[in-house]
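User: I would like to study the structure below through a series of questions. Please reason through each answer in formal terms.

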Amino acid sequence: RSGYRVLVTANNPITRFLFVVFANPPPQADFVAALADLGAVKKGDERLEQHLQSLYLTQCEKCEKQIYAQAFLWRKGEDVPYAKLYECPHCKDSGERITTDSDKDIALQIAGTDTLHRTRLFERVVSLKDEDRVYAEEAIEHYLPRPLYVLGTILNRLDSLDLNESRHRALTALLLLAFDAGNTLWGHPAERPRPKLLNTPSQFRENNLWTMLERGIRLFAESGSPVVVEAWPKKIPETGGICIYEGRLKDLAHEVKREIPIAAVVASIPRPNQAFWTLSALWAGWLWGSDAVEPYKVALRRRRYDWAWSATALFAMFSHLDELLADGVPFFGLMPEPEAPFMTSALTAASAAGFKLESVALRTEHDPVQVLWKSGKKSASAEIEVETARNAMRSYIVARGEPAGYLHLHTAGLIALAEVNALKQANDEFDFAMRKTQSMMEQALKDS
């Protein structure tokens, strides 16, 4: 919107779609109309909206009228929900209430036809003979029968709806919110941050998915004025826009070398997120079929994401990026949800790839860390020394003038080691280098 031309690499089909939607959002009227068109489709003698909402019907404990539950609450491994959340529009009673026999019967009734709907959705992702079948089956296990029925029913109708491109894009965006809200990863009470592992908590929410579709309209429709978006290799105007390369940075680097004069890099440094990456493959198959999943199938297979793996992957990213850049190009990185091993992983990978650390801005573990690097030549690595980190930590504490948490001290030590290129020796594996750094950090803090 400021008039710059931006080139984005996006291998994940879900994030690629979100780039397009937020850069060029359909008008709010298209979101409303698309959801209305979907709700008006017939399911037997009922409108689809009425049919799907009826799956969440429950009785108000106070006035005993039939209302729609906002969510049902489950315990891991049980066959029926133990509680429900609602807000009665008649008597205004609201909150968490124990489920009735009727609530449990509806859940059991839907579970009785689960195999058919589960198989249909599964086959949108991979074929029955696909060697990755087992991974897709594991991922889809994180959906209960009711949300799976709702999503499958909507997807079957989506293929036959006569929508223009803008409305179809709007409805697809809303469906993504329902996909995300419909799995069993969201704990109750919602104390833990967004899930990063495919791990169902001991107590979790089953959201009313039609309500989630209605809530999503405001999120997407208010994302601002449109920006020109094109797919690589189409050109974008001199006045600014976004060009999306549908693939990996590695492939782009080999394709263009240094032919594009890149003036700056802005990136969110990815932290391992098995839940989002695996489910992205599942969602891409549901929306666009197995062909959309194929280039991203590795996300279905991979189960273990440790910090050494993260550093190795980030090093590959930084190295491929370096092939695209002249020396001295600034790289502004945002690191969401920071913690000590994430900081070690990113700073070690960047340093090993030849990027020079310029500055780091860190507030709390709830704020994204801001990091500025500059591209350059790889320089010789230095031996890691405990006094380098210890002095940096002491200087930081003195300058701060008040107590600091471990993350800040750890980062101060990392910055000092990065400045002298001591985070990784040339022949060390990332796993060994990071363990050595961590051991040295602990040693630096043990001395009074």
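User: In what order do the four strands of the open sheet lie?

Analyst: The model examined here is predicted. Strands of a sheet pair through backbone hydrogen bonds, either parallel or antiparallel. In this four-stranded open sheet the pairing is mixed. The edges are formed by β12 (265-268) and β14 (356-361), each of which pairs on one side only. From one strand to the next the twist averages 20°, and the order is β12-β13-β15-β14.

User: Which residue in β15 is the bridge partner of alanine 361?

Analyst: β14 and β15 (residues 369-374) run antiparallel and are joined by five bridges. For alanine 361, the bridge partner in β15 is glutamine 370.

User: What is the order of the open sheet of three strands?

Analyst: The pairing in this sheet is parallel. Its edge strands are β1 (5-9) and β10 (229-231), and each pairs on one side only. Neighbouring strands are turned by 25° against each other on average, direction ignored. The order of the strands is β1-β11-β10.

User: Which residue in β11 stands opposite threonine 9?

Analyst: β1 and β11 (residues 241-245) run parallel, with five bridges joining them. Within β11, the residue opposite threonine 9 is tyrosine 245.

User: At what angle to β11 does helix α1 run?

Analyst: Helix α1 comprises residues 13-23 and lies across β1, β10 and β11. These three strands make up the open sheet with parallel pairing. Relative to β11, helix α1 runs at about 165°.

User: How much space lies in the largest cavity?

Analyst: Rolling a probe the size of a water molecule over the atoms shows where empty space is left. The count of cavities of 30 Å³ or more comes to one. The space in the largest cavity is about 40 Å³.

User: Which element supplies the largest share of the lining of the largest cavity?

Analyst: The lining consists of Gln70, Arg205, Asn207, Asn208, Thr211, Met212 and Arg215. By type, these residues divide into one nonpolar, four polar and two charged. Both β9 (203-207) and α9 (209-221) supply at least two residues of the lining. The largest share, three residues, comes from α9.

User: What is the volume of the second largest pocket?

Analyst: This pocket is lined by 22 residues, of which Glu78, Glu141, Tyr143, Leu144 and Pro145 lie nearest its centre. The lining divides into nine nonpolar, four polar and nine charged residues. Among the elements that each supply at least two lining residues are β6 (71-75), α4 (101-111) and α7 (145-158). The volume of the second largest pocket is about 320 Å³.

User: Is threonine 153 buried or exposed?

Analyst: Threonine 153 is found in helix α7. Leaving aside residues up to four places away in sequence, threonine 153 touches Leu48 and Leu52. Because the relative accessibility of threonine 153 is 5%, and buried means under 20%, the residue counts as buried.

User: Where is the proline that follows histidine 188 through a cis peptide bond?

Analyst: The peptide bond from histidine 188 to proline 189 is cis, with omega near -5°. Proline 189 lies in the loop between α8 (165-181) and β9.

User: What is the omega of the cis peptide bond from tryptophan 232 to proline 233?

Analyst: Proline 233 has its place in the loop between β10 and β11. For the cis peptide bond that runs from tryptophan 232 to proline 233, omega is near 10°.

User: Is glutamate 64 buried or exposed?

Analyst: Glutamate 64 is found in the loop between β4 (57-59) and β5 (66-68). Its phi is near 65°, a positive value in a residue other than glycine. Because the relative accessibility of glutamate 64 is 54%, and exposed means over 50%, glutamate 64 counts as exposed.

User: Which class of accessibility applies to glutamate 337?

Analyst: Glutamate 337 lies in the loop between β13 (330-335) and α15 (340-352). Phi of glutamate 337 is near 50°, a positive value in a residue other than glycine. Because the relative accessibility of glutamate 337 is 23%, which falls between the limits of 20% and 50%, glutamate 337 counts as partly exposed.

Technical notes: Residues are numbered from 1 along each chain as its sequence is written. This is a predicted model: local features need pLDDT of at least 70, side-chain atom pairs count only at pLDDT 80 or more; totals for chains, interfaces and linings use all residues. Side-chain values use heavy atoms; hydrogens and water are left out. Two strands pair if DSSP finds at least two bridges between them. Axes are lines fitted to C-alpha atoms, for helices over the stretch in contact, and angles run from 0 to 180 degrees between N-to-C directions. On a 1 Å grid over the protein atoms alone, a cavity is a set of points where a 1.4 Å probe fits but cannot get out, and a pocket is an open set with protein on both sides within 12 Å along at least five of seven lines; lining residues have an atom within 4 Å of a point. Grid points are joined across faces, edges and corners, and a volume is the space filled by probe spheres set on the points. Ala, Val, Leu, Ile, Met, Phe, Trp, Tyr, Cys and Pro count as nonpolar, Asp, Glu, Lys and Arg as charged, and the others, Gly among them, as polar. Contact means heavy atoms within 4.5 Å. Buried means under 20% relative accessible area, exposed over 50%, partly exposed in between (1.4 Å probe, protein chains only).
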